[in-house]
Every structure is written in structure tokens, then in C-alpha cells.
Amino acid sequence: MSILANKDTRVVIQGGQAGVNAARRMAEFCYLIKRPLNVEAFVYPPDAGKTNEIPYGSGLIAIPIYKSITEATKHHPTLNTSLVYIGADRAMKGGMEALDDSHIKVVSMITEGVPEKDAKVLGAHARKLGKVFNGPSSIGIISAGACRLGVIGGAFDNLVLSKLYREGSFGVITKSGGLSNEIIWICSQFADGITTAIGIGGDAYPGTDYVSYLEMFENDPQTKAVVIVGEMGGDLEERAAEWYGAKKRRVKLIAVVSGFCQESLPKGMKFGHAGAKEGMKGEGSARSKSDALKKSGALVPPTFGALGPAIKETYQDLLKSGQVKEPVEPATLPKLPKTIEEAMKADEVMVAPLIRTTISDDRGDEPCYDGYPASELINKGYEIPHVIGLLWDKRLISKQEAEIIKRIMMLSADHGPCVSGAYATILAACAGIGLSQSVAAGMIMIGPRFGGAVTDAGRFFKYAVDNKMSVDEFLAYMKKNHGPVPGIGHRVKSLRNPDKRVKELVGYVKSLKIKTPCLDFALEVEKVTSVKKDNLILNVDGTMAAVLVDIGFPVDSLNGFFILSRTIGLIGHWVDQKRQDSRLIRLFDYLVNYAAPKRREVPPLK
Amino acid sequence: MAKVLEGPGMGLMKKWGINVPNYVVVTSVDELTKLGQANEWLKNSKLVAKAHEALGSRFKLGLVKVDLDFKAAEAATKEMIGRQVGSITVTQVIVSEMIAHTEEYYCAVKSTREGSEVLVANCGGIEVESNWERVKRLCLDIGQAPSQESLEKLAKEAGFTGPLAKKMAAFAGKMFACFDSEDAQYLEVNPVVVRAADEELVALDAVTLLDGDAKFRHPDWNFAFAAEFGRAYSRQELEVMAVDSKIKGSVKFIEIPGGDTAMLPAGGGASVYYSDAVVARGGKLANYAEYSGDPPDWAVEVLTEKVCSLPGIKNIIVGGAIANFTDVKKTFGGIINGFRKAKSEGKLRNVKIWVRRGGPREKEGLDAMRALKDEGFDINVFDRNTPLTDIVDKALQVK
């Protein structure tokens, strides 16, 4: 047996994420005691109509969310208990809603910082209706082997260690949430464990006090003794003492009270819980409470540390008198399935990874590129081109190579608004499209006819050099197998009107006294092609390609240099249009050659 | 509970129709001089000047001056502002009108478990405290407001007669309205006086305790709450309070000068048992602290830094029960960072650290604490198998 929470308890949780977390803990307990999940519904208007997925064992249970308690109990008429996890400013309304529903008999409020007045009104309302209002600031209620309401009991391992999977003989009532777990643990180590443990909350006026619960425990034959963990402030402990001393009680009462330190502290100092405040004339002090409890016949150990031995003593008496028998522990207990992470940590499973990466890792406190921490690269003077080298080719490039890359990027960052990429970005920007989509629109234009020839140019120049082809052999090979040579030819520029960017880049690279077989070959090709036709010159794509292959970049990365550089320009164009608040562009009719058939009659549909 | 200083307390009473003396709260003499030009009563009445701070025994400290003219009030203000009392600097002075009166009475409203009580006595000032049996009370259920008749009956029981009984009843009614509407937990006027000028009842001095948790529905509570233990909060305490107001869960910190055992325990319940254990073992607490409700690690780190900065400490008690949902690994991470920072600043020399804890990820958290030994910390770590407060026994045995 137990009180308040038992095998028939069916729960609705009012609230959002905190309530979901509690439901997970509750599901762990249900799994431990091999019972179905006791949470049947949530009430949380913002998510009404959806479900919360609560892990149970290795599966997930979908629990519906409703907009009101009435709606929840209509769909789940067996609901009888509500846990309130609503913020302090709305907790009163939520608590009232639950109390006013005829299905709900117990309302436990977890919310902290509820105004005192609200808590008093809720408590009074519950008493009037003959229901139980527990809390506010309650950590929850747990009946061993039967029912868990809230996070009380802690993590799964602690549930097992504290033997909460089966009933003991001790009832527990505490104001403090953290200490409830401590007492449950002590009861399991020094005695046979608990029947029910209740966190009544540390507020000044808990909805239900020690006396009401003592009365319930007194009427629960399984509970042989009750442990109260009190604290200074208020008169709840004195009332408990009064109840205990009023007549012969079946249950034994063991109690500790905190707050003796008060006697040597600045007067009126406020402690942890809202209710822990001594009155002006010493009423509510730890000493007055402790004395009252002792006088009533309760066992009052002098310190918290002495509580364990006191519980043990009581348990031994109960054993001797035959009121309790040594508990029988179950042979096996369900083990909570581990998450993949936990199992991997324990070397229990092997997982085939979904993807494999060889360039970067940000699992530490900062990203590492090819193993080098970003901050260290910065502090040692490395720059963007080095990061490109690390991420695109997994090597730390030299200062000289970095300079080449920097120049390539500077030369290809933008080429005015008229080229396909920039024009597409501008068009999108003028249509009010956002930055990333507009830049993507420009990016889409990069291909065989615009900016996308770098990779192919590099590939074919490299092929020729690797195979020691002559220019004639190469041109014949290209003509036969692929068509025009990528990297050769320009729409506007020609021999007489050379591309300054090419001249600049070639001039710089040539001045470095490095081996440039591809560039040399490309220039040889240009000599031949430009004679055939004036504009068949080595263009900027071809030049970049040859130089990048010469400094060792993999062919597949080459278009990346153009894409990366031009992104700078595309972003610039978008920002430029945005700042001007440009209007939507529409082509003028005179810019279109309307070559479609003239207007004609539509024939009847056959 | 949250104590409110006189100025805002009287403001709330005035809002609910209770007569209070004219008053101004100033932060400088210049401000008072300007107010004197704008308010006739400052020039035409006898005045009282008091330091507007959460200080006990202000009278003895010379921080209350009575029967002043405006010039004298200016002089008193000048003298009080900037005065250092312990760790507190006086920054505000309240200057109010002195009310000529003969009789003094008492009226209070307080919150009780059953509802509330209205208290009335036909004596006031110090007299009421030595004649507590003359205080008559009216008990009200939760949600119940006092009727005019019941208040008149109360006033008559307390010895008021004739028109004065009616006036006292009305005064108590307004007190209740203020108490109930302002989410007060305790409202006391002592003394209530009869103003010689018009025979009206006036509240001369007020104690106002409000429910800080109800602040969300009182947008006009634009004042700060005062410390309740006879001194203002220290800078360190205010810094922890500022962190506390920003986070999920909570961190609390109160300094107790002169102690040598520093506290850094978890949980509102356990922290008091730890403090009790220190006192029971003859130790001297250097502070009260607490973190609870799974606060973020950075908040615990701030709290740890404050604890490590307490002067003259010999032991730090990092105690805690078996947590329900506070992540031990994470919160200990904050404490460990705080310890490292303190050590790098030359603190924690000859300080012993004592740890006891359980709860989610307890093993990882305790292991991380144990590892601090290798970094040169004098640290002793215990798990759930060591009873809660045994670390205090161990700490205070070792000399």
C-alpha cells in the first residue's frame, strides 16, 4: 500500500518542456517497475493537437497534448492526478483549472516562486472540494513499486540504489526536494526502504501540510514509521508534533529540523526556502520545533547525520516485534536501455559511421583544420589561403603559394554587373530575394560558359603535360575528343586587347622562379591558337587553372577558387542593390525578339 | 519575503488612501534644496530626516534627526549622505513632515496559514511591545475581506470609542485593502497618530514586507527590495543576486564576516543542515551559499569565485544531497572552473576543500573533483556512502 500515488494513478501534466522532462523520468520509473507509462496527457495550449514523444525502454510513446484539462479528461476519463509545471505567473490559473475538473483528485504543483496568496487560495479551494493540493515548489511524490509523480527519486541508477522498485515500511515527508532523495536513500540503506515519499515544497504555506499526510500514513497499514525533514520557519512542525502527541499513534515518528545555525547568525537572515523564516519572537525556530517534536514522543536525532542510525534503530524494533519482515529482493531488475552515446562510452556497441571526414573537427573547444587549431593558425600569422590549403588539399601551403592564391582571389572577386552570375544575383536582389538565395542564383550561373571552366582547363593542361604532348598533339586530341580547349578564348578580349588580369598573374608567377610546366604549356597553346583566331587567347580561367595545378592543387578543387572569389562579388552586388532599395526588374519588350507565332484562334477541344 | 524601505512603503499606503506625512527621498543636498523651492510644506513644517537605508538602530547611529527646520534638514542630509556604516554607505535620505500629535496607536495586517489577521491596539510606539495583550486581532479566512462592522467591533474591543472607533476601523480597512491588493505578507504601522491639525489618523512609521514572488503582477513596484537583516547587501551579494535573477534554478550568497568555514553546498534544504553541522561542531560560518534547480555552470562558477574570495577561510564545504535532476557533472564543472580561477589569482592557499554529493552523473562529477588533487588542490572527495554532513565533521576535526 501507499498513499496519494498508487498503481491506479493516471496523470495529466500541465506545462511545456519541464513537464516533458518529468514525464521522461516518470517513464523510467514505470519501466523499472514493469508498468505502463502513467502519464496519459499533457495540457499545453501552444502545442495543443501535437504529441510529446516520451522514451519508454527502447521505444517512444506519443502522449497527446490538449489545450485544457477538460479536453484532456474528456479523452482520458481515467485521469485522476495533475502535475503543474506552469510558470509562476500562470500557475494559479492552471492549478484552479485542474482542481475544478471533477476527474482530478490530486494536484501537485512543481512551480517555484508562486505568490503566497495564490498558494493559499489554491490550498483552500482544494480543501473545500475535498481534494489534495500538494506544493507549490514540490519535487514530487513517489510510492515505491507503484507510482512516481515528478522527478523525485532522481536518475534511474538512483531509483535502483534506493530500492524504489519495491515497497518498504517508511513514509517520508520533506520540504526540501534534494533532501527527499537523501532520506529515501537512507531509508533504503538503514531500513527496508519507503512506502511513499512526498515533497511538500519549501514555501511558507504548503497546500497540504505534515498533519494531513501523517493522517494518511496512519491509515496506511504498510507504513510503519514516518520520517519528517523539517526546517525553521512557520509552525508546520509544531502542528505535526501536536498531532503526534494528541493520542497514541500507530506509526512511529522520526523527525529532524534544520536551522539551529540561526542562533549564531545575523537576525532575520533568509535561507534557502521561502518558508524558512523565523518569527520575531523565536516561534518557528529549529529549537522550538525540535523541542515540540521531542515532547510529543517523536524520535528526534540531534543532527542530520544521526538520522540514519535512528531509522535503523526503529527498523530493528519493527523487525523484532514482527511488524515487518526482511524484504525479498527481486532476482533481476530491468536495465534502462543505454543511449548509443552511453553504450559506446562503455565499449558495448560498435556503430558504422554514416559519413567520414578527413579535413576538420570541431568537437573540442574550437575547430581544428586538418588537425591545426584555428586560433593557433591565427596567432602564428597564417591567413585565409592557408585555410583553403588545409581544407581543400590538406596541407599547409607555403607563404609564396598563399600569395599566389590571394592574388588569384583578388583578381576574380568581381567582374562587374553584366556577367551572368552578377546579373542573376542583381535580378534576384531586385525581386526582394534574401542574401543566400540571391547569391545562390548567381552561383547557379557558374558552369561551362561562365567561370566554370577552371577545373576542365586544369585537367586538360595537366593531361597534356603528364603525357608529354606537343601543342599540336594536344590540339588534335582536344578537337577529336572534347571540342574547344577550356581556358582558351574570350568574348571581348583578344591579342590586341589583352586581359590585364592574365598579364598580371602570369607576370607575377613567372617572377617567382618556380617550376610552372602547365602555365608554360598553356602559353605555348595560346601562341598557336591566337594565330588562328585573334581572340583565342589564354583567358583568366585557363591561367588560374594552370597556375593552381602547378602549385599542386587537385584538379577537382579548381572551380572552387572561382566560386569562392566570385562569392565576394555576388554578396557585394546583393548588398549594393539592397542599400539602394532597387525596384523589381522587368525586361522591356524591345529587348525581346518575339519570334513566337502570331496570335491565332484556339481550335475546339477534340 | 521582501522588505521595502520606508519611502516606497509609504508610497504604497498612500496609494490605498492611508494618510501619511509628506515626504521626499533625496540622494543629495542639492536635490533637497530644489525640492524645497517646489514644495511649500518643506519650508513651513518641522521636519524629520532619516538615512533611507536598511540599517538597524539608526537612531543610535545618529542617522535619525527630528524637529528640524529646512536649513537644519539640509545640514542633516549633508552630514548623512556618504556616511559609512560597516560595509554600507548611506546614499539616500528621507525627509518627512513631523506630525504634531498626542495619542499613539498600533495597526497591522499579517498573513497566516488560515488567511490573515488584522491587529489593532489603542497604544503605540514602544508601549505596544510591552503591552502585547492589548493588541486585539480579527482573524480572516483565505479570500475573506473584513466587513466594516467586524472592524468597528475590533476597534471597540481594543478600547477605541465613539468617532475614533469608526476612524480606526476605516484605517484598518484601508490597511487591509493595501495588504491584500499589494501582495503584502506583513504590514505594520506603529505608531498610528491623530494629527492635531485635522484629527485624522496618520501612519507615522511603516514596516512593509511584500511577496517578492508576486512582482510580476505589480508593474508599479519600481523600487528595490532591501536586505532583511539590518544591513544592506554587499557588492558581492548583489552580484550573485544579479546572476540569480537571470538564470533557471538559483544561486544564493550571503557573507558572514569573521567566519573561517566557507559554504558552497547544493539545495535549499541541505545547505541549512550543512550550516547547522558547522555550528554544531563549533565552527564559524563565513557565509551562507546555495545553488539549486540545475543552474547553468557559469552561474555556479560565479558563486564559487565569491566563496573563494571570502577572507580568512580555512575550509570550503562543497556539500550536497543526492540530487533529483541537478546535473552533478555540469554544476561541479562550474565549481572546478571557479576553483582554478581562484587558485590562479593566488587564493585558496592553505584552504581545504571538502566534497560530498550524489545525483545525476555523480560518478563523473566526483571523479572530476578528485582529479583536482593532481593540480595541487587540497581536496577531499566523498560520495553518497558518506552521510550528508560527515564532511563537516572531518573538516572541523582536522586542525
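**View 1. Contacts of Lys341(B) in the predicted model.** The side chain of Lys341(B) makes a polar contact with the side chain of Glu305(B), at 3.4 Å. The structure is a predicted model. Lys341(B) lies in helix α11 of chain B and is partly exposed, with a relative accessible area of 36%. Leaving aside neighbours within four places in sequence, the residues in contact with Lys341(B) are Glu301(B) and Glu305(B). Between Lys341(B) and Glu301(B) there are 9.2 Å from C-alpha to C-alpha, and the two are 40 residues apart in sequence.

**View 2. A salt bridge between Asp393(B) and Arg281(B).** The side chains of these two residues meet with an N to O distance of 2.8 Å. The pair links distant parts of the chain, 112 residues apart. Asp393(B) belongs to helix α13 (residues 390-397) of chain B, whereas Arg281(B) is found in the loop between α9 (268-280) and β16 (287-292) of chain B. Is each partner buried or partly exposed? Asp393(B) has a relative accessible area of 17% and is buried; Arg281(B), at 48%, counts as partly exposed.

**View 3. A salt bridge between Arg361(B) and Asp327(B).** Here the N to O distance is 3.1 Å. Arg361(B) lies in the loop between β18 (352-356) and α12 (362-370) of chain B, and Asp327(B) in the loop between β17 (315-318) and α11 (328-344) of chain B, so the salt bridge ties together parts that are 34 residues apart in sequence. Asp327(B) counts as buried, at 15% relative accessibility, while Arg361(B) is partly exposed, at 38%.

**View 4. Salt bridges within chain A.** Arg363(A) pairs with Asp361(A) in a salt bridge whose closest N and O atoms are 2.7 Å apart. Arg363(A) is exposed, with a relative accessible area of 73%, and Asp361(A) is partly exposed, at 32%. Over all chains, the structure holds 56 salt bridges. Side chains of opposite charge can pair when their charged atoms come close.

**View 5. The interface of chain A and chain B.** In this interface, 61 residues of chain A are in contact with 43 residues of chain B. The two chains bury about 4,200 Å² between them, of which 57% is on carbon and sulfur atoms. How many salt bridges does the rule find across the interface of chain A and chain B? There are five. Glu182(A) forms a salt bridge with Arg356(B), and their closest N and O atoms are 2.6 Å apart. The rule also finds 26 residue pairs in polar contact across the interface, both residues being at pLDDT 80 or more. On the side of chain A that touches chain B, the elements giving two or more residues are α4 (116-129), α5 (156-161), α6 (177-190), β12 (225-231), α8 (236-246) and β13 (252-258) of chain A.

**View 6. The largest nonpolar core, with Phe170(A) and Phe304(A).** This core has 108 residues, and Phe170(A) and Phe304(A) touch the most other members. Helix α1 (residues 17-32) of chain A gives the most to this core, with eight residues. Not counting residues up to four places away in sequence, Phe304(A) touches residues of chain A, including Leu179(A), Glu182(A), Ile183(A) and Ile186(A). Phe304(A) also touches Tyr273(B) and Leu388(B). Apart from the largest core lies another, of 50 residues, among them Ile404(A), Met544(A), Ala546(A) and Val549(A). In soluble globular proteins, nonpolar side chains tend to be buried together.

**View 7. Helix α20 of chain A and the helices around its buried residues.** Helix α20 (residues 517-532) has 16 residues. From its first C-alpha to its last it reaches 23 Å, close to the 22 Å expected at 1.5 Å a residue. Its buried residues include Cys518(A), Leu519(A), Phe521(A), Ala522(A) and Val525(A); Glu526(A), Thr529(A) and Ser530(A) are also buried. Which helices do the buried residues of α20(A) pack against? They are α17 (454-466), α18 (471-481), α19 (500-510) and α21 (540-550) of chain A.

**View 8. Ala457(A) in helix α17 of chain A.** Ala457(A) is buried, with a relative accessible area of 1%. Leaving aside neighbours within four places in sequence, Ala457(A) is in contact with Pro486(A), Gly487(A), Gly542(A) and Ala545(A). Ala457(A) and Pro486(A) are 29 residues apart in sequence, with 4.7 Å between their C-alpha atoms.

Conventions:
Residues are numbered from 1 along each chain as its sequence is written. Chains are lettered from A and ligands numbered from 1 in the order in which they are written. This is a predicted model: local features need pLDDT of at least 70, side-chain atom pairs count only at pLDDT 80 or more; totals for chains, interfaces and linings use all residues. Side-chain values use heavy atoms; hydrogens and water are left out. A salt bridge is a side-chain nitrogen of Lys or Arg within 4 Å of a carboxyl oxygen of Asp or Glu. Buried means under 20% relative accessible area, exposed over 50%, partly exposed in between (1.4 Å probe, protein chains only). Helices (H or I, at least four residues) and strands (E, at least two) are DSSP runs, numbered from the N terminus. Contact means heavy atoms within 4.5 Å. A polar contact is a pair of N or O atoms within 3.5 Å; within protein, one must be able to donate a hydrogen and the other to accept it, and residues adjacent in sequence count only if both atoms are side-chain atoms. The expected span of a helix is 1.5 Å times one less than its number of residues. A nonpolar core is a set of buried Ala, Val, Leu, Ile, Met, Phe, Trp, Tyr and Cys residues joined through side-chain atoms within 4.5 Å. Buried area is the accessible area (1.4 Å probe) that two parts lose on being put together, summed over both.
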